[in-house]
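Visitor: I am new to this structure and should be grateful for a guided introduction. May we look at it together, step by step?

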Amino acid sequence: MTKAMKRHQAGFSLLELIVVVAIMAVLVVIAAPSYQQWAQNARFREVARDVVSTLHFARSEAIAKNQQYSVKFDLANRKYQLLDSTETPASSWTNFPASVGMAMAANATGTCSGGSFLTITFNPDGTGSAY
């Protein structure tokens with residue numbers, strides 16, 4: 001082989017690079033919506049884990065300290081807080097991300113009590129109630 005042939009064989013041609021870039025562009029266009037949905041689902045799961053963790057903690061504190069503990073949700077301002085038996089905040093307010101919708105379901109009579117607040121209270125025996 002001559003030097004000219006060796007130089008020609010090294011590297012990629014412009015056509016090869018264009019084909020690779022086009023394939024990558026198609027893959028990005030296909031994958032972007034899936035990634036966005038995955039990221040949104042991950043945010044929902046994170047918020048759900050945080051709320052469940054707070055509820056579990058409130059219940060365990062109620063049992064351990066033999067007094068009521070509550071978790072108060074402020075639906076209008078999209079946040080929640082842990083309260084002890086004297087309604088003293090046991091934690092600061094935790095905000096929900098803007099992408100997470102909050103609403104209170106109606107009870108059996110079709111009415112909602114408490115306005116934009118929902119409070120879940122745990123008793124020392126481990127039972128709970130919501131109002």
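Visitor: What share of the contacts in the protein with a separation of 6 or more joins residues 24 or more positions apart?

Guide: The model before us is predicted. Among contacts with a separation of 6 or more, the part that links residues 24 or more positions apart is 40%.

Visitor: In what order do the elements of the protein run from the N terminus on?

Guide: The protein has 2 helices and 5 strands. Read from the N terminus on, the order of these elements is α-α-β-β-β-β-β.

Visitor: What percentage of the accessible surface of the protein belongs to carbon and sulfur atoms?

Guide: Of the 131 residues in the protein, 21% are buried. The accessible surface comes to about 9300 Å². Carbon and sulfur atoms hold a part of that surface equal to 62%.

Visitor: Is Ile23 buried, exposed or partly exposed?

Guide: Ile23 is located in helix α2, which covers residues 14-65. Together with Leu15, Val19 and Leu27, Ile23 forms a nonpolar patch on the surface, and the four have about 390 Å² of accessible area together. The relative accessibility of Ile23 is 49%, and exposed requires over 50% while buried requires under 20%, so Ile23 counts as partly exposed.

Visitor: Is Ser70 buried or exposed?

Guide: Ser70 has its place in strand β1, residues 69-74. Leaving aside neighbours within four places in sequence, Ser70 is in contact with several residues, including Gln81, Leu83, Glu87 and Ile120. Because its relative accessible area is 3% and the limit is under 20%, Ser70 is buried.

Visitor: With which side chain does the side chain of Ser70 make a polar contact?

Guide: Thr119, Ile120 and Thr121 are among the residues in contact with Ser70. A polar contact, at 2.9 Å, joins the side chain of Ser70 to the side chain of Thr121.

Visitor: How are the rings of Phe73 and Tyr80 arranged: stacked, edge-to-face or tilted?

Guide: The count of aromatic pairs comes to 4. In the pair of Phe73 and Tyr80, the ring centres are 5.6 Å apart, with 35° between the planes. Stacked needs planes under 30 degrees apart and edge-to-face needs over 60, so this pair is tilted.

Visitor: Which residues form one aromatic cluster?

Guide: Two members of the cluster are buried: Phe73 has 7% relative accessibility, and Tyr80 has 5%. With one further residue they form the aromatic cluster of Phe73, Tyr80 and Phe96.

Methods: Residues are numbered from 1 along each chain as its sequence is written. This is a predicted model: local features need pLDDT of at least 70, side-chain atom pairs count only at pLDDT 80 or more; totals for chains, interfaces and linings use all residues. Side-chain values use heavy atoms; hydrogens and water are left out. Helices (H or I, at least four residues) and strands (E, at least two) are DSSP runs, numbered from the N terminus. Buried means under 20% relative accessible area, exposed over 50%, partly exposed in between (1.4 Å probe, protein chains only). Contact means heavy atoms within 4.5 Å. Accessible areas come from the Shrake-Rupley method with a 1.4 Å probe; for residues, only the protein chains shown count as cover. Patches are made of residues with over 30% relative accessible area and no salt bridge: like charges are joined within 9 Å, nonpolar side chains (Val, Leu, Ile, Met, Phe, Trp, Tyr) within 5 Å. A salt bridge is a side-chain nitrogen of Lys or Arg within 4 Å of a carboxyl oxygen of Asp or Glu. A polar contact is a pair of N or O atoms within 3.5 Å; within protein, one must be able to donate a hydrogen and the other to accept it, and residues adjacent in sequence count only if both atoms are side-chain atoms. Rings of Phe, Tyr and Trp (its six-membered ring) pair if their centres lie within 6.5 Å; planes under 30 degrees apart count as stacked, over 60 as edge-to-face and the rest as tilted.
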